[in-house]
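Reader: I'd like to walk through the labels used for this model and hear what stands behind each one. Could we begin with a helix?

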Amino acid sequence: MPTARRASVRRLDLDLLSTSPSSPSSSSSPPCGGPPPVDALARHLALEIPRVFSEAERAALVAGVRAARAEWTADFGGEQFSLGRAFYTHLEQGRSKLYFADAAASDARVERHLPGLQRRMRELVAALTGGLARPRRGFCGPGVHIFPAGEKVARGGGVIHFDTEGLSDYHLARRLRAITVVVMLELPDADGGLKLWDVLYDGRDDPGDEAPSARSLVASYTAGGALVIDSYRLHQIQPFPGGRDRISATVHAAEIDSGRWETWF
């Protein structure tokens, strides 16, 4: 499988949320006219952006997630939950029709309980790419994953995988750019970081037995901060002990034309 050249995480201290709140499609420009931050993923395993949400914003979002408990979507028998429907969980459970049928209602639920979250996540994509970031037609917008304390992921970690499920065959065949952005809203008591391997998708969904032995590192999250990875990067959520759930907001984005990105959850 292809590998990168440097096993490191690049920290970015940038004002990434300077776009207009009223714009349905967000746009931004690279600082000082230089290359967009996303270009650094060619040299690093991940980008870290602290303070995407202030502490007050983060706490309010977590409270909103908790208050929406009755509207969480249960996946894999309650091993994990989401606020807003996630494409990969529905695909793997044979519920894709439900995902698409409920997309508009899913976005409405997220907006009702977490006003502005979807816009802020798209603005983040726009700032990272220096381009336009708009909702992917027919798909659910950015949402939240809840991994409960003591459940399967907490005990043994997540599945080792690539984030290629939502990419079209056309996109995959041409290896057009795609990124995954995760903002940590509630840290578990300990651990729960993201393990990243120096391994990129090569057309096989199964990374094979040799891939997990490749060079790797575990990237840590900060409360309210984001990690950004190439969607073709092999990764895994790490186990976490304690009694606190792991709650994160996620947006996937794919470049469909130069400087034009579509986003979904």
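Author: Gladly. On the other side of H4 from its buried residues, Ala 104 and Arg 112 are exposed. This is a predicted model, with local features needing pLDDT of at least 70 and side-chain atom pairs pLDDT 80 or more, while totals for chains, interfaces and linings use all residues. Residues are numbered from 1 along each chain as its sequence is written, and side-chain values use heavy atoms, without hydrogens or water.

Reader: What makes Ala 104 and Arg 112 exposed rather than buried?

Author: The cut-offs are on relative accessible area: under 20% is buried, over 50% is exposed, and partly exposed lies in between (1.4 Å probe, protein chains only). Ala 104 and Arg 112 carry the label exposed, so each has over 50%.

Reader: Which residues of helix H4 are buried, and how do you know that they sit on the same side of H4?

Author: In H4, residues 103-113, the buried ones are Ala 103, Ser 106, Arg 109 and Val 110. Because they span an arc of only 120° around the axis, they fall on the same side of H4. The arc is taken from the directions that run from the helix axis to the C-beta atoms. Their cover includes strand S5 (80-83), helix H3 (96-101) and helix H5 (117-129). Helices (H or I, at least four residues) and strands (E, at least two) are DSSP runs, numbered from the N terminus.

Reader: How many helices and strands does the protein chain have?

Author: There are 7 helices and 14 strands in the protein chain. Of its 265 residues, 54% are buried. Contacts mean heavy atoms within 4.5 Å; among those with a separation of 6 or more, 81% join residues 24 or more positions apart.

Reader: Why does Val 182 count as buried?

Author: Its relative accessibility is 11%, so Val 182 counts as buried. Val 182 belongs to strand S8. Leaving aside residues up to four places away in sequence, Val 182 touches Tyr 221, Gly 225, Ala 226, Leu 227, Ser 248, Ala 249 and Thr 250. Val 182 and Ile 229 are 47 residues apart in sequence, yet their C-alpha atoms are 8.7 Å apart in space.

Reader: Why is S7 called largely enclosed?

Author: All the residues of S7, 5 of the 5, are buried, so the rest of the structure largely encloses it. S7 also has strand partners. S5 and S7 pair in the antiparallel sense over 3 bridges, with Ser 82 facing His 145 of S7. Antiparallel S13 joins S7 through 5 bridges, among them Ile 146 with Ile 247 and Gly 143 with Thr 250.

Reader: What makes S8 and S13 a pair?

Author: Strands pair if DSSP finds at least two bridges between them. S8 and S13 run antiparallel and have 8 bridges, so they meet that condition. One of the bridges sets Val 181 against Val 251 in S13.

Reader: What makes S13 mostly covered, and how many bridges join S13 to S14?

Author: In S13, 10 of its 12 residues are buried. Strand S14 (residues 260-264) runs antiparallel to S13 and shares 5 bridges with it; Ala 254 stands opposite Glu 262 there. The hairpin of the two has 2 residues between the strands, and Gly 259 takes a positive phi near 80°.

Reader: What volume does the largest pocket have, and why is it called a pocket?

Author: The volume is about 710 Å³. Closest to its centre, of the 32 lining residues, are Tyr 88, Val 159, His 161, Asp 163 and Glu 165. S13 gives the largest share of the lining, 4 residues. On a 1 Å grid over the protein atoms alone, a pocket is an open set of points with protein on both sides within 12 Å along at least five of seven lines, whereas a cavity is a set where a 1.4 Å probe fits but cannot get out; lining residues have an atom within 4 Å of a point. Points are joined across faces, edges and corners, and the volume is the space filled by probe spheres set on them.

Reader: How many cavities of 30 Å³ or more are there?

Author: The structure holds 1. The largest cavity has a volume of about 80 Å³, and among the residues lining it are Tyr 88, His 145, Asp 163, Glu 165 and Trp 264.
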